[in-house]
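This report describes one protein chain, beginning with its aromatic pairs and going on to a cavity, a histidine and the division into domains.

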Amino acid sequence: TVHATVDDAVADLHHVFATCPRPRHIVKTVLTARGAAIELRAIGDRGLRSGLMFGPERAGLDNEDMARADALIRYPLNPAFMSLNLAQAVMVMAYEWWMATDDTPPRALMTNETHVATKGELNNFLRHLTADLDECGFLRNEQKRPGMIRNLRHFFERGEVTEQELRTLHGVVTELSRGRKGRPKD
């Protein structure tokens with residue numbers, strides 16, 4: 001709806017938040033976009049109506065408009081350039097409002113047709129690798145051998161190696177071993 005005044009626009013709301021990029025001489029609670037989004041969701045969950053005021057791009061909201069707000073929203077911007085255009089300001093708030101209830105995990109490993117290798121699968125590969133490293137003489141220094149094997153284990157334990165990646169590495173170790181056996185000795 002279109003309203004002639006801010007008072008008309010907010011008359012049926014219980015809470016109003018206003019975006020404010022520049023410091024003003026007003027005593028109000030100041031929220032980040034994320035904090036405001038969380039509060040807006042909580043207000044809606046209680047069955048109350050809320051609204052957001054965005055000012056014009058040229059000058060932002062004036063003090064009279066902000067006086068009608070319960071809290072101000074300030075985005076953490078570059079202090080040398082403290083403004084966003086209207087579309088950017090709306091998009092930041094829309095994103096934070098959406099994210100306030102989004103349950104998408106912040107991190108996921110896409111494994112497609114494979115799965116994260118079990119400890120048993122990893123241990124099987126490490127036995128294969130160690131046996132071939134012993135056979136080729138790489139682990140010949142008995143004093144350094146336990147530390148070298150531990151370093152290899154740490155390398156593979158650090159990430160979530162997939163079963164497919166281990167199968168590929170089994171093939172690499174097998175081919176390296178076959179290739180070494182088929183070559184003439186110097």
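## Aromatic pairs

Rings of Phe, Tyr and Trp, the last taken by its six-membered ring, are counted here as a pair if their centres lie within 6.5 Å. In this predicted model, the count under that rule comes to 2 aromatic pairs. One of them is formed by Phe125 and Phe156, whose rings are arranged edge-to-face, with 5.2 Å from centre to centre and 75 degrees between the planes. This pair links distant parts of the chain, since Phe125 belongs to helix α5 and Phe156 to helix α6, with their positions 31 residues apart in the sequence.

## The cavity and its lining

The search for enclosed space, restricted to cavities of 30 Å³ or more, gives a count of 1. The largest cavity holds about 40 Å³ of space, and its lining consists of Leu126, Leu129, Thr130, Ile149, Leu152 and Arg153. The elements that contribute two or more residues to this lining are α5, which spans 119-136, and α6, which spans 145-157.

In terms of residue character, the lining of the largest cavity divides into 4 nonpolar residues, 1 polar residue and 1 charged residue. Helices α5 and α6 are thus named both as contributors to this lining and as the helices that hold Phe125 and Phe156, respectively.

## His170 and its contacts

His170 is located in helix α7, which covers residues 163-182. When its neighbours within four places in sequence are left aside, His170 is in contact with Asn124, Phe125 and His128; of these, Phe125 is also a member of the edge-to-face pair with Phe156 described above.

Two of these contacts can be described further. The side chains of His170 and His128 are joined by a polar contact of 2.6 Å, while His170 and Asn124, although 46 residues apart in sequence, have their C-alpha atoms 9.5 Å apart in space.

## Division into domains

The assignment divides the protein chain into domain 1, residues 6-100, and domain 2, residues 119-178. The C-alpha centres of domain 1 and domain 2 are separated by 57 Å in the predicted model.

Notes: Residues numbered from 1 in each chain as written. Predicted model: local features only at pLDDT ≥ 70, side-chain atom pairs only at ≥ 80, totals over all residues. Heavy atoms only, no water. Domains from an automatic or database assignment. 1 Å grid on protein atoms, 1.4 Å probe; cavity = no way out; pocket = protein on both sides within 12 Å on 5 of 7 lines; lining within 4 Å. Points joined across faces, edges and corners; volume = space filled by probe spheres on them. Helix = DSSP H or I, 4+ residues; strand = E, 2+ residues; numbered from the N terminus. Nonpolar A, V, L, I, M, F, W, Y, C, P; charged D, E, K, R; others polar. Contact = heavy atoms within 4.5 Å. Polar contact = N/O pair within 3.5 Å; in protein donor to acceptor, adjacent residues only side chain to side chain. Phe/Tyr/Trp six-rings, centres within 6.5 Å; stacked < 30°, edge-to-face > 60°.
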